[in-house]
Amino acid sequence: MTIKELEERTGLDRGTIRFYEKEGLLAPERQANGYRDYSEEDAETLEKIAFLRQLGLSIEIIRAVQTGELPLGIALERQDETLLARREETDRALEISRAVRAEGASYQTLQPQKYKAQLPPPEWIPRVIPPAAPPKHYATKHPWRSLLAREL
């Protein structure tokens, strides 16, 4: 299948597809003329990658899962903890925002410590699981690649 057909099937644009190829997550066959020939398996791989990216998994984690270096269950457990920590931070920020609005504070009168002190501390402290060390052959990646991947 062509990249246009793959775009239509997966909903991903060609830049994203090519990015995943450059990252080594996808390796389509090449025709005699050098054109990429995407298979059903490539389309399924892209759908899996896109789904895991929507769950917030990094390219590095997806690569580790794809190669079998990290089981999917463990990767998702770690992501659960990350998402729970973010939710707690979001809930706390919402409480602070509501307290500031209830007091009718303006920028000039805003006293952040006063509002933080009025709020109860979080009921639980999120457990932080350190990320798995990336394989050594990925250690020389350029930092802009990770940034670009997060933006996609």
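This is a short tour of the fold, one helix pair and the salt bridges of a predicted model.

**Whole chain.** Start with the cartoon. Seven helices and two strands are there, in the order α-α-β-β-α-α-α-α-α. Colour by burial next: 29% of the 152 residues are buried. Switch on the surface. About 10,700 Å² is exposed, with carbon and sulfur atoms supplying 54% of that area.

**α1 against α2.** Select residues 3-10 and 14-22, helices α1 and α2. Their axes lie 10 Å apart, at an angle of about 105°. That angle falls between 65 and 115 degrees, so α1 is roughly perpendicular to α2. Now show side chains. From α1 come Ile3, Lys4, Leu6, Glu7 and Thr10; from α2, Arg14, Ile17 and Arg18. This contact has three nonpolar residues, one polar and four charged.

**Salt bridges.** The structure holds six. Pick Glu47 and Arg9, with N to O at 3.3 Å. Glu47 sits in α3 (residues 40-54) and Arg9 in α1, so the bridge ties together parts 38 residues apart in sequence. Glu47 is partly exposed at 34% relative accessibility, and Arg9 is partly exposed at 34%. Add Glu40: salt bridges with shared partners join Arg9, Glu40 and Glu47 into one network.

Move to Glu21 and Arg36, a salt bridge at 2.6 Å, N to O. Glu21 is in α2 and Arg36 in β2 (residues 36-37), 15 residues apart. Glu21 is buried at 14%; Arg36 is partly exposed at 24%.

Finish at Lys114 and Glu103, whose closest N and O atoms are 3.9 Å apart. This salt bridge ties α6 (residues 112-118) to α5 (residues 72-103). Lys114 is partly exposed at 36%, and Glu103 is partly exposed at 44%.

Technical notes
Residues numbered from 1 in each chain as written. Predicted model: local features only at pLDDT ≥ 70, side-chain atom pairs only at ≥ 80, totals over all residues. Heavy atoms only, no water. Axes fitted to C-alpha atoms, helices over the stretch in contact; angles between N-to-C directions. Helix = DSSP H or I, 4+ residues; strand = E, 2+ residues; numbered from the N terminus. Parallel < 35°, antiparallel > 145°, perpendicular 65-115°, else oblique. Contact = heavy atoms within 4.5 Å. Nonpolar A, V, L, I, M, F, W, Y, C, P; charged D, E, K, R; others polar. Buried < 20%, exposed > 50% of the residue type's maximum accessible area, 1.4 Å probe, protein only. Areas by Shrake-Rupley, 256 points an atom, 1.4 Å probe, with all protein chains shown as cover. Salt bridge = Lys/Arg side-chain N within 4 Å of Asp/Glu carboxyl O.
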